[in-house]
Amino acid sequence: MTPTELSLEITDLSVDFGVVPALRGVSLALRKGRIATIIGANGAGKSTIMKAVCGLVKPRAGSVSLFGKPITGLPADEIVVRGLSLVPEGRRLFGSMTVRENLELGAYRRKDRLRVGEDFARMLDYFPALRDRLSTPVGSLSGGQQQMVAVGRALMSAPRILLLDEPTIGLAPAVVDDIAEIVKAIGRSGVDVLLVEQNAEVALSIADYGYILENGGIVAEDESAALARSETVRRAYLGI
Amino acid sequence: MQTAFQIIATGLQIGAIYVLFSLGLTLTFGIMRIVNFAHGQFFTLSALVVAVVMPYLASAGLPLPAAFAGSAAAGIAASLLLGLVTYQWGFRRLQHDFVGSFILSLGLILLLEGLYLEVFGGAVRSVPPIIDGTVSVFGASLTTQRLLLCFVAMVLTGLLYAALALTPMGKALRAASIDHEAAMLQGIPYQRIARHGFMIATLLAAVAGALIAPVSVVTTTLGSDYLIKGFIAVIVGGLGSIPGAIIGSLFIALVESVGGYFFDPSRASIAIFALVMVVLLVRPQGLMGHG
Ligand SMILES: Nc1ncnc2c1ncn2[C@@H]1O[C@H](COP(=O)(O)OP(=O)(O)OP(=O)(O)O)[C@@H](O)[C@H]1O
Ligand SMILES: [Mg+2]
């Protein structure tokens, strides 16, 4: 595969917390026009991958490149400007600020103000439920609506790559389906998506292909359909 | 009734300065999660420079208001420079490091008070009044000068409030105070925002110091008393909360003026500590603090 077909490439990434290794040489790639997922149990290191890619955690070794250019070691606020945005685990919204303020902060570094207005309108088309709540402090919304704000805020930076860290956790099944549809729609709109999930069933229904992460290392990678058929994945992650 | 107005008016006058002081403390805490106990030194330096430069300018023939404006500009500039130096070579490396910043700020207090004593001497200085006269409001009499001081403090507080609520930079600062990592994930340049926040806090202390110089005696330890009051005010109001700092400051000032009227100033201080304990027992996060 030529490098230009990869929008995000992670090579031999290792992260330690103190003396405890959290990632041991993880390599994975996000291909243009596709949705990828990382599936792993509690503490496998999924969020650590996300944080290392976004610049919130400094890796001990390895590299991350975005559209063929290295971004390893850049501060988080510079990586957003280069077209990568994360919906973090636990949403991390600015709770006392309004929905509108949260969404606008997503576009903080954009200079193309006209486009920001268009993207704001398009984002409300994805999430019509937010339309009436724009002046509400985000902390008083339901979990599902908060997740919508978190995704919407990330989209407001007009990313070419979107990372989502367990966006469906703790949500009611109907809301999980909504979020799943929206993630697929985002993928179709030309944004490459990397989705992290504990819920393998949801993840494999959204993504084109996936990686299985155990104890900080990738143990399997394949097309979603193949992973869903695999005996080990079914036993460990699908509870069958 | 007249007495009540007098007490409230006195409280507001003291409170206006406490507000400027504690806004800086709470801003620094919000954005960097540190308490800068050396915040009072910015205040002291500005007051000292005013106390030294103003008589000099006045004796050179400048009218008093112009001499004050000139010396205030010099005092504020000196404090800002000090703020920038302590930030670049100190606090910048200690963001979110409560213990480290505690040690640094205590060290700075000792160092700077020693330096001030060396440079400015131990003499108690006073600045000639800029404007004479008193104004009577609802039977309470206030010196024009103190009224002006209150007015400037209120305008500054209002400006800061509006800037935080309405400007993109203000919103970024609030976001970074809530969750600095999440703010960086939105592209907010945290390092730059933290420096701005620290310098705004320094500016507020410097202005407060320049304003206090003509209405109080200026010594090299002037800031310590204000630091204690300002710190209590932000604890009562809720560390990191802007409305909390304002309410806390006015609360402390009112207790002080009521206590000072009916008893004596030392009892007023005891009353403040007692009330702080009551507030913190009922609401450990402070009046306006979260969680
Ligand atoms: N800041 C930290 N300090 C120390 N250890 C950490 C830190 N963050 C994560 N870890 C450890 O690193 C390992 C991987 O954590 P990580 O959060 O990446 O897991 P995860 O796969 O995202 O789990 P979950 O599904 O619970 O979110 C865990 O053992 C965790 O305890
Ligand atoms: Mg996680």
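Two strands are said to pair if DSSP finds at least two bridges between them. By that rule, β4(A) and β5(A) pair in the antiparallel sense, over 2 bridges. The structure described here is a predicted model.

## The antiparallel sheet of chain A

The pairing of β4(A) with β5(A) belongs to an open sheet of 4 strands in chain A, with the order β2-β1-β4-β5 and antiparallel pairing. Its edge strands are β2 (20–31) and β5 (69–70) of chain A, each of which pairs on one side only. Strands of a sheet pair through backbone hydrogen bonds, either parallel or antiparallel.

Strand β1 (residues 6–17) of chain A is joined to strand β4 (residues 61–66) of chain A by 5 bridges, again in the antiparallel sense. Two positions fix the register of this pair: Leu8(A) has Leu66(A) as its bridge partner in β4(A), and Glu9(A) stands opposite Ser65(A). Ser65(A) also has a bridge partner in β5(A), namely Pro70(A). The hairpin of β4(A) and β5(A) has 2 residues between the strands, and in this hairpin Phe67(A) takes a positive phi near 50 degrees.

## Strand β8 and its parallel neighbours

Strand β8 (residues 192–197) of chain A is mostly covered, with 6 of its 6 residues buried. Asp192(A), Leu194(A) and Val196(A) lie on one side of β8(A), Val193(A), Leu195(A) and Glu197(A) on the other, and both faces are covered.

Strand β3 (residues 35–40) of chain A runs parallel to β8(A) and is joined to it by 5 bridges. Within this pair, Ile39(A) stands opposite Glu197(A). Strand β7 (residues 161–165) of chain A also pairs with β8(A) in the parallel sense, over 5 bridges. Here Ile161(A) stands opposite Asp192(A). Helix α6 (residues 173–188) of chain A joins β7(A) and β8(A) in a right-handed β-α-β unit.

## Helix α1 of chain A and the magnesium ion

Helix α1(A) is largely enclosed by the rest of the structure, because 8 of its 9 residues are buried. The buried residues are Lys46(A), Ser47(A), Thr48(A), Ile49(A), Met50(A), Ala52(A), Val53(A) and Cys54(A). Just after the helix, Gly55(A) takes a positive phi of about 90 degrees.

Which protein atoms are the donors of the magnesium ion (ligand 2)? They are OG of Ser47(A) and two OE atoms of Glu89(A), lying 1.9 to 2.6 Å from the ion. The pair links distant parts of the chain, with Ser47(A) in helix α1 (residues 46–54) of chain A and Glu89(A) in the loop between β6 (84–87) and α3 (99–106) of chain A, 42 residues apart. Buried means under 20% relative accessible area. Ser47(A) therefore counts as buried, at 15% relative accessibility, whereas Glu89(A) is partly exposed, with a relative accessible area of 39%.

## Cavity and pocket

There is 1 cavity of 30 Å³ or more. Its lining includes Ala52(A) and Val53(A), along with Gly55(A), Val64(A) and Ile71(A). Among the other lining residues are Val57(A), Lys58(A), Pro59(A), Thr72(A), Gly73(A), Leu74(A) and Ile79(A).

The largest pocket is lined by 25 residues, and the closest to its centre are Ser96(A), Gly240(B), Ser241(B), Ile242(B) and His290(B). Helices α1 (2–32), α5 (144–166), α6 (168–178) and α10 (242–262) of chain B each supply at least two residues of this lining. Of these, α1(B) gives the most, with 5 residues.

The table sets out the volume and lining of each space.

| Space | Volume | Nonpolar lining | Polar lining | Charged lining |
|---|---|---|---|---|
| Largest cavity | About 40 Å³ | 8 residues | 3 residues | 1 residue |
| Largest pocket | About 720 Å³ | 13 residues | 10 residues | 2 residues |

## A position in chain B

Is Ala51(B) buried or exposed? Ala51(B) lies in helix α2 (residues 39–59) of chain B. At 3% relative accessibility, Ala51(B) counts as buried. The C-alpha atoms of Ala51(B) and Arg192(B) are separated by 33 Å, and the two residues are 141 residues apart along the chain.

Note on methods. Residues numbered from 1 in each chain as written. Chains lettered and ligands numbered in written order. Predicted model: local features only at pLDDT ≥ 70, side-chain atom pairs only at ≥ 80, totals over all residues. Heavy atoms only, no water. Buried < 20%, exposed > 50% of the residue type's maximum accessible area, 1.4 Å probe, protein only. Right-handed = clockwise from strand over helix to strand, strands pointing away. 1 Å grid on protein atoms, 1.4 Å probe; cavity = no way out; pocket = protein on both sides within 12 Å on 5 of 7 lines; lining within 4 Å. Points joined across faces, edges and corners; volume = space filled by probe spheres on them. Nonpolar A, V, L, I, M, F, W, Y, C, P; charged D, E, K, R; others polar. Donors = N, O, S within 2.8 Å, 3.2 Å for Na, K, Ca; no water.
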